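Colleague: I have the model open and would like to go through a few spots with you. Could you take my questions one by one?

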Amino acid sequence: MRLAGKVAIISGGSRGMGAYEAELFVREGAKVVVGDVLEDEGRNLAEKIGEDAFFLRLDVTSEADWAAAVKLAVDRYGKLDVLVNNAGVSARGTIEETSVADWDRVMDINAKGVFLGTRAAIPEMRKAGGGSIINISSQLGLVGMGESSPQYQASKGAVRIFTKSAAIQYAADGIRVNSVHPGPIVTPMTETRRSDAAVQQVMISRIPLGRYGESEDVAYGVLYLASDESSFVTGSELVIDGGWTAQ
Amino acid sequence: MAERPLRLEGKVAIVTGAGSSGEGVGNGKAASILFAREGAKVLLVDFQEDRARETLQMIHDEGGVASTLQGDMTKLEDCERMAETAMERYGRVDILDNNVGISQRGTVVEVSEEDWDKVMTVNLKTIVLASKATIPHIIASGGGGAIINISSIAGLRAHSSTPYTASKAGVIGLTFSMAADHAADSIRVNCIAPGLVYTPMVAPRMNDDLRQYRTDAAPLKTEGTGWDVGYAALFLASDEARWITGICLPVDAGLTAVHPGTFTPMNQQTRY
């Protein structure tokens with residue numbers, strides 16, 4: 001098994017990509033702390049997976065919640081090897097339509113949340129002799145799109161370059177940090193946009209492989225980066241977008 | 001728990017440059033062994049077939065299925081014979097891993113026109129020809145496919161090997177374009193940009209000091225091997241990467257994530 005003996009925290013793990021990653025990681029031998037603000041879905045998921053997964057309420061903007069998540073991983077499973085900073089929210093609108101409050105909300109969850117998670121995880125990963133942090137950015141952290149929003153794109157761009165900063169600063173501790181850049185994925189987060197057939201048609205027309213991605217399409221990329229198969233990979237951007245940004 | 005299915009079960013792969021140019025395991029050899037280990041039947045193609053036979057022996061030792069073929073990927077007829085051989089021996093083609101490559105140092109002033117043409121032919125044109133010959137067979141096989149091209153971080157940065165850099169940058173552009181061209185055929189095309197990995201290709205010009213310098217050049221300060229590149233190729237070849245196309249994945253211990261001056265002073269790169 002590709003993650004045998006490893007302990008992981010997945011933020012935003014209650015549903016969508018995070019939930020698929022939790023199940024996949026356990027199938028590959030890992031123990032997983034599922035963190036999310038969606039408590040019912042998270043508990044149900046952890047119960048379904050069994051003893052190798054445990055749910056914890058995790059608001060990624062809370063330093064105290066992150067400290068508790070890391071402590072839980074260590075107390076329950078003995079150490080921490082892998083962190084997937086997956087939690088995020090989407091937003092739409094122009095710069096003029098964007099309130100300061102909504103800018104801050106999206107930047108707090110999508111960007112500051114990654115910083116806080118990474119900062120909380122590093123000491124335990126160092127103790128474990130190294131680790132792998134996977135930050136979920138977006139294709140919209142690489143290229144612009146009119147239908148998105150300034151705060152979403154800025155937050156995902158922040159995740160992209162934060163990843164490189166972290167990769168360089170903690171390489172000496174054997175901690176690898178990479179970013180994943182999904183295109184549009186069929187998840188609860190994209191439900192609103194997908195419910196508009198005209199918008200969906202435009203989106204699909206931009207994707208060379210001709211379909212939205214599925215959670216598992218992203219989860220297997222995250223698995224590769226979490227596993228020792230990628231032990232020479234850090235500071236890299238893994239784009240999983242059906243070819244969108246290659247054009 | 002049920003044993004997981006092999007990651008390339010039922011697939012047929014062609015690996016060009018499947019032998020290594022010396023002792024040890026290069027990118028093509030590692031990918032070939034990993035593909036076979038995960039259930040693929042592998043056609044091992046090399047200009048020097050005896051090198052591919054070493055890879056074959058290692059695959060046979062693990063109980064895998066593979067066979068060798070002599071071929072010069074700079075010749076279209078050899079590429080066509082390669083694709084036809086895979087169809088004859090294994091009935092289909094799903095994966096093409098383009099590993100053929102050579103080094104070439106020098107500035108544009110220093111490099112001879114002949115050497116320039118040679119590196120562009122071996123590093124870039126071979127991918128065009130092998131893909132040209134193989135893609136129709138992938139389409140005919142009916143299951144979509146995956147093409148993996150081996151570029152280099154030298155295709156992303158100056159590397160004091162100007163002809164090599166130009167050829168490897170060409171591989172990246174070719175990859176983007178092939179990905180767009182063949183997405184409608186469900187053929188994914190991606191490239192890997194290995195960093196300073198220690199492989200048989202670079203071994204002849206290495207010594208202990210230089211190996212240490214290269215190891216220390218990237219943030220992780222570990223020495224990469226052909227296996228690191230092979231595992232990336234395995235991921236991109238498998239259905240796990242079924243929604244990934246047109247990407248360039250650096251496997252470089254963080255080297256290209258860093259400001260060039262931080263770990264790799266450009267004025268010292270002649271030491272590479």
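Colleague: Let's start in chain B. In which strand does Ile95(B) lie?

Modeller: Keep in mind that this is a predicted model. If you look for Ile95(B), you'll find this residue in a strand of chain B that covers residues 95-98. That strand is E4.

Colleague: And is Ile95(B) buried or exposed?

Modeller: The cut-off for buried is under 20% relative accessible area. Ile95(B) has a relative accessible area of 0%, so this residue counts as buried.

Colleague: Which residues is Ile95(B) in contact with, leaving aside its neighbours within four places in sequence?

Modeller: Some of them sit early in the numbering: Leu8(B), Lys11(B), Val12(B), Ala13(B), Ile14(B) and Phe35(B). As for Ala40(B), 55 residues away from Ile95(B) in sequence, the C-alpha to C-alpha distance is 9.3 Å. The contacts of Ile95(B) also include Ala146(B), Ile148(B) and Ala237(B).

Colleague: Lys11(B) is a lysine, so I'm curious. Is Lys11(B) buried or exposed?

Modeller: Lys11(B) belongs to the segment before strand E1 (12-16) of chain B. Leaving aside neighbours within four places in sequence, its contacts are Gly39(B), Ala40(B), Lys41(B), Asp94(B), Ile95(B) and Asp239(B). Its relative accessible area is 14%, and the limit for buried is under 20%. So Lys11(B) is buried.

Colleague: Back to E4. How far apart in space are Leu96(B) and Ser151(B), C-alpha to C-alpha?

Modeller: Leu96(B) also lies in strand E4 of chain B, and at 0% relative accessibility this residue counts as buried. Leaving aside neighbours within four places in sequence, its contacts include Ile14(B), Met82(B), Ala130(B), Thr134(B) and Ile147(B). Ser151(B) is 55 residues from Leu96(B) in sequence, and in space the two are apart by 14 Å.

Colleague: On to helix H2 of chain B. What span should its 13 residues have?

Modeller: H2(B) runs over residues 49-61, and the rule is 1.5 Å a residue. The span is taken as 1.5 Å times one less than the number of residues. The end C-alpha atoms of H2(B) are 18 Å apart, which agrees with the expected 18 Å.

Colleague: Within what arc do the buried residues of H2(B) fall, seen down the axis?

Modeller: The buried residues in H2(B) are Ala52(B), Thr55(B), Leu56(B) and Ile59(B). They line one face of the helix, because seen down the axis of H2(B) they fall within an arc of 105°.

Colleague: What covers those buried residues of H2(B)?

Modeller: One helix to look at is H1 (27-37) of chain B. The cover also includes two strands of chain B, E2 (41-46) and E3 (65-70).

Colleague: Are H3(B) and H4(B) roughly parallel or roughly antiparallel?

Modeller: The axes of H3 (residues 76-90) and H4 (residues 113-141) of chain B come within 7 Å and cross at roughly 25°. Angles under 35 degrees count as roughly parallel. So H3(B) and H4(B) are roughly parallel.

Colleague: Which residues of H3(B) make that contact?

Modeller: H3(B) passes H4(B) in a right-handed crossing. On the H4(B) side, the contact residues include Leu129(B), Ala133(B) and His137(B). On the H3(B) side they are Leu76(B), Cys79(B), Glu80(B), Met82(B), Ala83(B), Glu84(B) and Met87(B).

Colleague: What about chain A: at roughly what angle do the axes of H4(A) and H5(A) cross?

Modeller: H4(A) covers residues 100-127 and H5(A) residues 150-170, and their axes come within 8 Å. H4(A) passes H5(A) in a right-handed crossing. The contact includes Trp103(A) and Phe115(A) of H4(A), with Tyr152(A) and Phe162(A) among those of H5(A). The axes cross at roughly 15°.

Colleague: One on backbone angles. What is the phi of Lys221(B) near?

Modeller: Lys221(B) is in the loop between helix H6 (208-217) and strand E8 (224-225) of chain B. With a relative accessible area of 41%, Lys221(B) is partly exposed. Its phi is positive although the residue is not a glycine, with a value near 55°.

Methods. Residues numbered from 1 in each chain as written. Chains lettered and ligands numbered in written order. Predicted model: local features only at pLDDT ≥ 70, side-chain atom pairs only at ≥ 80, totals over all residues. Heavy atoms only, no water. Helix = DSSP H or I, 4+ residues; strand = E, 2+ residues; numbered from the N terminus. Buried < 20%, exposed > 50% of the residue type's maximum accessible area, 1.4 Å probe, protein only. Arc of directions from axis to C-beta. Contact = heavy atoms within 4.5 Å. Axes fitted to C-alpha atoms, helices over the stretch in contact; angles between N-to-C directions. Parallel < 35°, antiparallel > 145°, perpendicular 65-115°, else oblique. Left-handed = near helix turned anticlockwise from the far one by under 90°.
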